[in-house]
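Take a moment to look over the chain before reading on. This report goes from the sheet to the helices and then to single residues.

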Amino acid sequence: MLSFEQTRAMLDEVSDELPRGVFDGLNGGVVLLPDVKRHGDAPGLYILGEYRVEPYGLGRYIVIYHGSLRAVYPGRAGVRRKLREVLFHELTHHIESLAGDRTLEYRDALFLEQNAAAQREEPQ
């Protein structure tokens, strides 16, 4: 199980692998929070990361939820790969947002709709 500090160091390493240009305009940076976050419309899903735009606050930034990562990956296996995947996903939202594109946002919404439909079909 990775501590918050170990996850922070791993997130820094993964971030350092990327060209600095992908972080342009991400004025709030990448924030690691200790929280566990679940999706309100799909309670079986954990939210591992979010891209946020707050015009009167921090601006554009990415949040990674350490508690959610620990819930989904209680051991060490696969955490680095998943952390990289989450960071890349959220950076894609950032880059698309700068370009006025919402393709990944629509794909995420479709994924949530499909997940909710599958949960409704499961026998209780």
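## The middle strand

How many of the seven residues of strand β3 are buried? The model here is a predicted one. In β3, which covers residues 59–65, six of the seven residues are buried. The strand is therefore largely enclosed by the rest of the structure.

Now look at the partners of β3. Strand β1, residues 29–33, runs parallel to β3, and five bridges join the two. One of the residues to find here is G29 of β1, whose bridge partner in β3 is Y61. On the other pairing, strand β2, residues 49–54, runs antiparallel to β3, with six bridges between them. G49 has I64 of β3 as its bridge partner. R52 stands opposite Y61 in β3. So Y61 turns up twice: it is the bridge partner of G29, and it stands opposite R52. β2 and β3 also form a hairpin, with four residues between the strands.

## The sheet as a whole

Put the strands together. The result is an open sheet of three strands, in the order β1-β3-β2, and the pairing is mixed. Why is one side of β1 and of β2 left without a neighbour in the sheet? Both strands stand at the edges, and each has a single partner strand, so one side of each has no neighbour there. Neighbouring strands are turned against each other by 25° on average, with direction ignored.

A helix packs on this sheet. It is α1, and it touches β1 and β3. The direction of α1 makes about 160° with that of β1.

## Helix α3

Helix α3 covers residues 79–99, which is 21 residues. How far apart should its ends be? At 1.5 Å a residue, the helix should span 30 Å. Its end C-alpha atoms are 30 Å apart, so the model agrees with the expected value. After α3 comes G100, and its phi is positive, near 75°.

Many parts of the structure cover this helix. The buried residues of α3 are V79, K82, L83, V86, L87, E90, L91, H93, H94 and E96. What covers them includes the helices α1 (4–16), α2 (66–72) and α4 (103–121). The strands β1, β2 and β3 are also among the covering elements. A general rule helps in reading such a list. An α-helix has 3.6 residues a turn, so residues three or four places apart point the same way.

## Where α3 meets α4

Two packed helices are described by the angle between their axes and the distance between the axes. The axes of α3 and α4 come within 8 Å and cross at roughly 130°. That angle makes α3 oblique to α4.

Which residues make the contact? From α3 they are H89, T92, H93 and E96. From α4 they are T103, L104, E105 and D108. Sorted by type, the contact has one nonpolar, four polar and three charged residues.

## Three residues to find

Start with H94, which lies in helix α3. Is H94 buried or exposed? Its relative accessibility is 0%, so H94 counts as buried. Leaving out residues up to four places away in sequence, H94 touches V22, F23, D24, G25, L26, Y51 and R60.

Next, find A116 in helix α4. A116 has a relative accessible area of 16% and is buried, because the cut-off for buried is under 20%. A116 and D41 are 75 residues apart in sequence, yet their C-alpha atoms are 7.5 Å apart in space.

Last, find R20 in the loop between α1 and β1. R20 has a relative accessible area of 48%, so R20 is partly exposed. R20 and A118 are 98 residues apart in sequence. In space, C-alpha to C-alpha, R20 and A118 are 39 Å apart.

Notes. Residues are numbered from 1 along each chain as its sequence is written. This is a predicted model: local features need pLDDT of at least 70, side-chain atom pairs count only at pLDDT 80 or more; totals for chains, interfaces and linings use all residues. Side-chain values use heavy atoms; hydrogens and water are left out. Buried means under 20% relative accessible area, exposed over 50%, partly exposed in between (1.4 Å probe, protein chains only). Two strands pair if DSSP finds at least two bridges between them. The expected span of a helix is 1.5 Å times one less than its number of residues. Contact means heavy atoms within 4.5 Å. Axes are lines fitted to C-alpha atoms, for helices over the stretch in contact, and angles run from 0 to 180 degrees between N-to-C directions. Angles under 35 degrees count as roughly parallel, over 145 as roughly antiparallel, 65 to 115 as roughly perpendicular and the rest as oblique. Ala, Val, Leu, Ile, Met, Phe, Trp, Tyr, Cys and Pro count as nonpolar, Asp, Glu, Lys and Arg as charged, and the others, Gly among them, as polar.
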